[in-house]
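I opened this notebook to keep track of what I looked up in the structure, entry by entry. I began with one helix and what packs over it, and worked outward from there.

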Amino acid sequence: MATQIKISAVEEITNDFKESGAAVLTEYRGLTVAQLKELRRSLGKDTKFAVVKNTLTGIAAKEAGIEAFDGQLAGPTAIAFIKGDAVAAAKSLTDFAKSNDKLVIKTGYFEGKAMDASEVAALAALESREHQLARVAGVLQAPASAAVRIIDALRAKREEEGGAAAAPAEAPAAEAEEAPAADAATEEA
């Protein structure tokens, strides 16, 4: 019979799955508490790295509609529940795994799709969301910057030419004012 503690644990893991845009299943056999703390810190505040019980996690994954972990829940298991930037979290996990061979990335899911360990590594190789947004902002800003430079160059050229450029610019306006008066005189005749 299921105890209230196990029921609560399944509910918590199910909620973590439902609230996360991505999750990465890892095996952490041999990592010290200090290393796990360092990993959690590197993942940031938008990622929860939790040591989980395999049986309860299997039940929670099914309740959340996640099939990516089927057959993968064996051994000491921890899951990174990613609510923020999945690329940054995947990068932190893979970087940590490179320097600590005891962390093994097994599988994951991103936006509802299952990923194997190589796909998690490919996700980590992408640029972070912030970097991509900065790049888009730069591309969008480039035409405005070019227009400003052109206007500044034209203004500087006009200032170099001095008052000579200002007089002809005023002359067409004066002629335009006289033209309607001349048209009116021909209409009267």
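**Entry 1, helix H5.** The model I am reading is a predicted one, and I started with the cover over one helix: the buried residues of H5 are covered by, among others, E1, H4, E4 and strand E5, the last of these spanning 113-116. I then looked up which residues those are, and in helix H5, residues 117-125, the buried ones turn out to be Val120, Leu123 and Ala124. Their directions from the axis span an arc of only 100 degrees, which places them on the same side of H5. I noted the general reason beside this: an α-helix has 3.6 residues a turn, so residues three or four places apart point the same way.

**Entry 2, helix H2.** I put the same query to helix H2, residues 33-43, and found Leu36, Leu39 and Leu43 as its buried residues. Here the arc around the axis is only 60 degrees, which again puts the three on the same side of H2. The cover over the buried residues of H2 includes strand E2, residues 47-52, and helix H4, residues 86-99. On the face turned away from that buried side I found Ala34, Lys37 and Arg41, which are exposed. I also checked the backbone at the end of the helix, where Gly44, just after H2, has a positive phi of about 90 degrees.

**Entry 3, the overall layout.** With two helices read, I stepped back to the chain as a whole and recorded seven helices and five strands. Listed from the N terminus, the elements follow the order α-β-α-β-α-β-α-β-β-α-α-α. The protein has 189 residues, and 30% of them are buried. I also looked up how far apart in sequence the contacting residues lie: among contacts with a separation of 6 or more, 79% are between residues 24 or more positions apart. The accessible surface comes to about 12100 Å², with 57% of that area belonging to carbon and sulfur atoms.

**Entry 4, aromatic pairs.** How many aromatic pairs does the model hold? I counted two aromatic pairs. In one of them, Phe17 and Phe81 meet edge-to-face, with 5.1 Å centre to centre and 75 degrees between the planes. Phe17 belongs to helix H1 and Phe81 to strand E3, residues 77-82, so this pair ties together parts that are 64 residues apart in sequence. Both Phe17 and Phe81 are buried. Phe17 also pairs with Tyr109, in a tilted arrangement with 6.3 Å centre to centre and 45 degrees between the planes. Since Tyr109 lies in strand E4 while Phe17 lies in helix H1, that pair ties together parts that are 92 residues apart in sequence. Tyr109 is buried, as is Phe17, and I entered Phe17, Phe81 and Tyr109 as one aromatic cluster.

**Entry 5, salt bridges around Glu27.** I turned to the charged side chains next, where the count comes to seven salt bridges. Glu27 takes part in a salt bridge with Arg29, at 3.2 Å from N to O, and in another with Lys106, where the closest N and O atoms are 3.9 Å apart. Lys106 sits in strand E4, residues 104-110, and Glu27 in strand E1, residues 22-27, so the pair with Lys106 ties together parts that are 79 residues apart in sequence. Is Glu27 buried or exposed? I find Glu27 at 17% relative accessibility, so it counts as buried, and both Lys106 and Glu27 are in fact listed as buried.

**Entry 6, salt bridges around Glu12.** The last lookup was the salt bridge between the side chains of Glu12 and Lys48, at 2.9 Å from N to O. This pair links distant parts of the chain, with Glu12 in helix H1, residues 4-19, and Lys48 in strand E2, 36 residues apart. Glu12 is partly exposed, with a relative accessible area of 44%, and Lys48 also counts as partly exposed, at 31% relative accessibility. I closed the entry with the network of salt bridges that links Glu12, Asp16 and Lys48.

Note on methods:
Residues numbered from 1 in each chain as written. Predicted model: local features only at pLDDT ≥ 70, side-chain atom pairs only at ≥ 80, totals over all residues. Heavy atoms only, no water. Helix = DSSP H or I, 4+ residues; strand = E, 2+ residues; numbered from the N terminus. Buried < 20%, exposed > 50% of the residue type's maximum accessible area, 1.4 Å probe, protein only. Contact = heavy atoms within 4.5 Å. Areas by Shrake-Rupley, 256 points an atom, 1.4 Å probe, with all protein chains shown as cover. Arc of directions from axis to C-beta. Salt bridge = Lys/Arg side-chain N within 4 Å of Asp/Glu carboxyl O. Phe/Tyr/Trp six-rings, centres within 6.5 Å; stacked < 30°, edge-to-face > 60°.
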